[in-house]
Amino acid sequence: VSFFSSEDCIHLLQVPKLQALLDAVLFEPGSFLPARSAELEPQDVPASAPELLGTPHHLLLHELCRSPKTLVEGVLRLAHQATDLDTGTFKASTTTVILYVVRLAARFDNYVSFLLQYDAGEHDSIRGKPFRGLALDSQAREALAAARRGLRKALLGELRPLLLGWYHKLSRELDEAFQSEDEQVLDENVRHLCVCHSHLLLMLRSLTPAELTEPLAKSIACAVAFLATRHQWNKELLDVWNGSPSYDAWRVPENEVYEALHVLRRKLLGWLRDTATQRQLDAVLSSVVRVSEGSGAMLPPPGEVPPRWAYLSGEPNRGRFAVHSSRARRPAEVEEVPTLLKEPEGAVVVDAQVLQLTLMAAHPQALRHAVAEMEDVTQMFGEVAMQACLTDRSAHREMYRLVGRAHSIAYWDVDTKMAPLEHWRMYYPQELHPSEKAWLPAVLEPVRQAHMMQPVPLQLYMPEAPLAADAQVA
C-alpha cells in the first residue's frame, strides 16, 4: 500500500492486473489457524508447520488488531493522492485510479468499522463477542477510531464530492443527448452514471444510523432506484474490456452492491420513519422520483416545490411512502408528516424496503419512443426523457401515467378496418337521376369541392334506387 501511495507510483493502478494484485494482498483471508494450534508458535524459519502462520479469521483483521498504523496511513495517503488526480470529468485516464481507490478505501473502512462495532458490542447482527482473536487493546482501539475518522473524511469529504461533480456533469450531458437524439452518448453516459452510483453506494455501506443525514440518505435512495432501472444486471459485465477506455468498465461485483443495499436499507428506513422531518422526507423521496423518471438528475430544477409525502398506515406498510398532496409553495413552518390509511388511487408510492417506485401498482419504464416522439407530447413536455407506467391496454389504446407529472397519455393506433360498404352506385353529378339533379348537387357540391377533394378525392356512394322526388336526405 505504501508503495502505490506515492506520487510516482499511484498511476500504476490504472493497470487492472495491479489492482487485482493489491486487492489480493489486502483482502484475501490467507490460511486458517485452527483453535487447537492457537497457542503454538513457529520454531524455525522457514516454518516446518505452515499452518501456524495462519490467522483465526483474516490476515487484514489480524493486522488491524495488532498493528494498524502502517496500513491505515498507507490507505489514507492513497485516498488523498487519488483526490489530487481529479481532472473535473469522468472521461479521463485517471478516473480508473480514483474509482479503484474509492473501492479500496470503502472496503478497508468496512473492516475497520467491523472491528470497532464488534469491540463495542454494537454490531447489527452479532451478539456478544463469540469470536477468538479479535480483542482490541486500548492503543489499537484508539488507532482504529482515528483511522475510521480519517477514512470517513477522505471518503465523504473529498472523494464523494468529486464523484457527485462527475455525476452532475454526466447528467447534464444526458439531457442534451436526449434532445439531440445522440444514441451513443445516451448509452455511454447511462453506463457511467451507473458506475458513479455504485461507488457512491459502496462508500456509505458502513455508516451507522446516527451518521445518516439528508444528503447521504438521498445518495442511498437514488443509487438503488437508478441502478434498479438502468443497470444491466446478470450480464457478467465485471471487468469486461472490449477496447473501450478503462474508465468505461464495470468494476463493482453485483453481489457487493446487493450486500451494501441489504446492510443499508434498514438504516435508511429507520431514518425516513423516525428521524426525517417533513421537509427532509419530501426532498429524499422526490429525488427518487426525479432520478427514476428522467435522465437521473439528483439536483432539483430551480424553483421546484416538491409534493408532500406521507406514511402509509399499518405495520406491513412501514417501509412504504405515498404522495399526499401537491404544493404551490414551500411551507413556512415545520409540518408533521401525515399518515394515509390506504394507498391513494393513482398516487406515486416508494417502497424503501426494496427501493422500488410504483404508480397505480405498475413499475415505471421509459416512455415508448413512438409515444414520446408524438408532436402533441413534445409540444407539451419538450424533448425530454420521461418514465411512465402502463396502466391500461386494449385492442387499439394504451394508457400511460407519467411519473412525477399530473398527466396521463392515451395512445391510439390506426384501425385499418374499413366501414362496411352497403351501396355501390358512385356519386357523379352529371349521372344523377332527374329527381336527384333537382336539388342534391346544389347542396353537396360546394361542400365536396371545398373539403373532399384534397389530398385525394373522397369517393361517395349512393343507393342503387333513385331518391324520391320529395327526398331531403341522400
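Start by selecting Thr-96, which sits in helix H4. Helices (H or I, at least four residues) and strands (E, at least two) here are DSSP runs, numbered from the N terminus. What you have open is a predicted model, where local features need pLDDT of at least 70 and side-chain atom pairs count only at pLDDT 80 or more, while totals for chains, interfaces and linings use all residues. Residues are numbered from 1 along each chain as its sequence is written, and side-chain values use heavy atoms, with hydrogens and water left out.

**Stop 1: helix H4**

Is Thr-96 buried or exposed? Its relative accessibility is 4%, so Thr-96 counts as buried. For this tour, buried means under 20% relative accessible area, exposed means over 50%, and partly exposed is in between (1.4 Å probe, protein chains only). Show the neighbours and you'll find Thr-96 touching Gln-14, Gln-19, Ser-246 and Tyr-247, leaving aside residues up to four places away in sequence. Touching, or contact, means heavy atoms within 4.5 Å.

Now click on Thr-95, also found in helix H4. Thr-95 is buried, with a relative accessible area of 0%. Which residues does Thr-95 touch, not counting those up to four places away in sequence? They are Thr-89, Phe-90, Trp-166 and Tyr-247. Keep Trp-166 in mind for the H5 stop.

Next, run along H4 (residues 95-120) to Tyr-118. Tyr-118 is buried too, at a relative accessible area of 2%. Around Tyr-118 you'll see Ile-126, Gly-128, Lys-129, Pro-130, Phe-131 and Leu-134 in contact, again not counting residues up to four places away in sequence. Zoom in on the side chain of Tyr-118: it reaches the backbone oxygen of Lys-129 at 3.4 Å. That is a polar contact, meaning a pair of N or O atoms within 3.5 Å; within protein, one must be able to donate a hydrogen and the other to accept it, and residues adjacent in sequence count only if both atoms are side-chain atoms. If you like distances, try Tyr-118 to Leu-136: they are 18 residues apart in sequence and 9.7 Å apart in space, C-alpha to C-alpha.

**Stop 2: H5 against H6**

Select helix H5 (residues 138-180) together with H6. Two packed helices are described by the angle between their axes and the distance between the axes. Here the angle is about 155 degrees and the axes are 9 Å apart, which makes H5 roughly antiparallel to H6. Axes are lines fitted to C-alpha atoms, for helices over the stretch in contact, and angles run from 0 to 180 degrees between N-to-C directions. Angles under 35 degrees count as roughly parallel, over 145 as roughly antiparallel, 65 to 115 as roughly perpendicular and the rest as oblique.

The H5 side of the contact includes Trp-166, Tyr-167 and Leu-170, and the H6 side includes Leu-193, Cys-196 and His-197. By class, the contact of H5 with H6 has 14 nonpolar, five polar and two charged residues. Nonpolar covers Ala, Val, Leu, Ile, Met, Phe, Trp, Tyr, Cys and Pro; charged covers Asp, Glu, Lys and Arg; the others, Gly among them, are polar.

While you're on H5, pick Leu-156. Leu-156 is partly exposed, with a relative accessible area of 22%. Leu-156 touches Pro-161, Met-203, Leu-204, Leu-207 and Leu-216, not counting residues up to four places away in sequence.

**Stop 3: helix H8 and its partners**

Add H8 (residues 254-275) to H6 (residues 183-202): their axes come within 10 Å and cross at roughly 45 degrees. H6 and H8 are therefore oblique to each other. Select Ser-198, Leu-201 and Leu-202 of H6, then Glu-256, Val-257, Ala-260 and Leu-264 of H8, to light up the contact. Those residues divide into five nonpolar, one polar and one charged.

Swap H6 for helix H9 (residues 278-293), whose axis comes within 9 Å of that of H8, crossing at roughly 140 degrees. That makes H8 oblique to H9. Trp-271, Leu-272 and Thr-275 of H8 meet Gln-280, Leu-281 and Val-284 of H9.

**Stop 4: two loops**

Go to Met-298, in the loop between H9 and strand E1 (308-312). At 7% relative accessibility, Met-298 counts as buried. Its contacts include Tyr-167, His-197 and Arg-290.

Finish at Pro-455, in the loop between helix H13 (440-451) and strand E11 (461-462). What kind of peptide bond joins Gln-454 and Pro-455? A cis one, with omega about -5 degrees. Most peptide bonds are trans.
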